[in-house]
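Trainee: I am learning to read a structure and would like a close look at one part, the surface. Please also go through some residues beneath and along it, one at a time.

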Amino acid sequence: MHSLTFLTIGQAPRPDLSEAIEAHLPATTRVRHAGVLDGLSRREIELRFGAAEGRATLLSRLADGSSVTLDADAVGAGLQSRIDQVEDAGADVVVLLCTGAFPGLRTRRARLVEPDALVTGYVGTVLRDSRVGIVVPLPEQVTEAREKWRGLAPAPVFTTASPYAADDLDLCAAARTHVEAGADALMLDCMGYGARHRQALRTAGVTVPVLTPGAVVGAALGPLLDR
């Protein structure tokens, strides 16, 4: 039996992020949830992890359902601390519920699954030579996203739409922008995007393939744990 911990950069649990992955896991997998911001008030979060102008940012959600913008470097340090803690608690697989890049994260013995590397590798291989439209949550994330996806050819186009918006109007508008520009596929580049968002785009008439990180990670991880 594997003991797997889903680790969010926000507050746990986040079933909306993990459900697409859990659907692929063996029934014997023992699942736990943890978050970098667990137990912290919004004021404490802003002081320790708040986004700063000119620095890389991330978007996540708190236990009360509100969204929060975070400093990527501070989150990276917090992730390492939480990884150490969940390993001490018995996790032998740790799955990050974020597509941000966190260089230098390590485990002592557990398997660490980082969606950033997995998803970019998958898209770069399966959609090679395709025109990919990429959606990220925040405008200030586009610069980092261009660097992250620099290996794609032809170069992708970027739009923004928060996965935590009250409706899907911005997401549908972003997707239509890509499709009208000739995109062969869409990549929704945040763990916050899931099956609900894919269905919203289908309902809105988007017919090109729509990829979400959770679906990609689940399909890749499930067979590795089926033993």
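How many Å² does the accessible surface of the protein come to, and what percentage of that surface belongs to carbon and sulfur atoms?

Mentor: Keep in mind that this is a predicted model. The accessible surface of the protein comes to about 10600 Å², and carbon and sulfur atoms hold 50% of that surface.

Now the body that this surface wraps. The C-alpha trace spans about 50 × 45 × 30 Å along its principal axes. The radius of gyration is 17 Å, which agrees with the value near 17 Å for a compact globule of 227 residues. Of the 227 residues, 50% are buried. The chain forms 8 helices and 10 strands. Take the contacts between residues at least 6 apart in sequence: 64% of them join residues at least 24 apart. As for charge, there are 23 positive and 27 negative side chains, and the centres of these two sets lie 4 Å apart.

Next come single residues, beginning with buried ones. H197 sits in helix α7, which covers residues 195-203. Its relative accessible area is 4%, so H197 is buried, since buried means under 20%. Apart from residues up to four places away in sequence, H197 touches P163, D168, L171, L188 and G192. With one of these there is also a polar contact: the H197 side chain reaches the backbone oxygen of P163 at 3.2 Å. D167 is 30 residues from H197 in sequence, and the C-alpha atoms of the two are 9.9 Å apart in space.

Helix α3, residues 72-88, holds the next example, R82. R82 has 18% relative accessibility and therefore counts as buried. The side chain of R82 makes a polar contact of 3.3 Å with the side chain of D38. D38 is also one of the residues that R82 touches beyond four places in sequence; the others are L7, A34, G35 and V36. Helix α3 also contains Q80. Q80 is buried because its relative accessible area is 9%. The contacts of Q80 outside its neighbours up to four places away are G104, L105 and R106.

Now follow α3 past its end. D92 lies in the loop between α3 and β5, a strand of residues 93-96. With a relative accessible area of 26%, D92 is partly exposed. Set aside the residues up to four places away, and D92 touches M1, H2, S3, R109, A110 and R111. One of these partners, M1, is 91 residues from D92 in sequence, yet the two C-alpha atoms are 9.8 Å apart in space.

Y122 is another partly exposed residue, at 36% relative accessibility. Y122 belongs to helix α4, residues 115-126. Beyond four places in sequence, Y122 is in contact with L127, L211 and V216. P15 is 107 residues from Y122 along the chain, and here the C-alpha atoms are separated by 23 Å.

After α4 the chain passes through a loop to β7, residues 132-136, and D129 is found in that loop. D129 counts as exposed because its relative accessibility is 61%, and the cut-off for exposed is over 50%. The backbone of D129 also deserves a look. Its phi is near 70 degrees, a positive value in a residue other than glycine. Most residues other than glycine have a negative phi, and most peptide bonds are trans.

The second half of that rule leads to two places in this chain. The peptide bond from A12 to P13 is cis, with omega near 0 degrees. P13 is in the loop between β1 (3-8) and α1 (15-22). A cis peptide bond also joins A153 and P154, where omega is about 0 degrees. P154 lies in the loop between α5 (142-148) and β8 (157-160).

To go back over the three grades of cover: H197 is buried at 4%, D92 is partly exposed at 26%, and D129 is exposed at 61%. Find these residues in the structure, then return to the surface of about 10600 Å² where the reading began.

Definitions and conventions. Residues numbered from 1 in each chain as written. Predicted model: local features only at pLDDT ≥ 70, side-chain atom pairs only at ≥ 80, totals over all residues. Heavy atoms only, no water. Helix = DSSP H or I, 4+ residues; strand = E, 2+ residues; numbered from the N terminus. Buried < 20%, exposed > 50% of the residue type's maximum accessible area, 1.4 Å probe, protein only. Contact = heavy atoms within 4.5 Å. Polar contact = N/O pair within 3.5 Å; in protein donor to acceptor, adjacent residues only side chain to side chain. Rg over C-alpha atoms; globule rule 2.2 N^0.38 Å. Areas by Shrake-Rupley, 256 points an atom, 1.4 Å probe, with all protein chains shown as cover. Lys, Arg positive; Asp, Glu negative; His and termini not counted. Charge placed at Lys NZ, Arg CZ, Asp CG, Glu CD.
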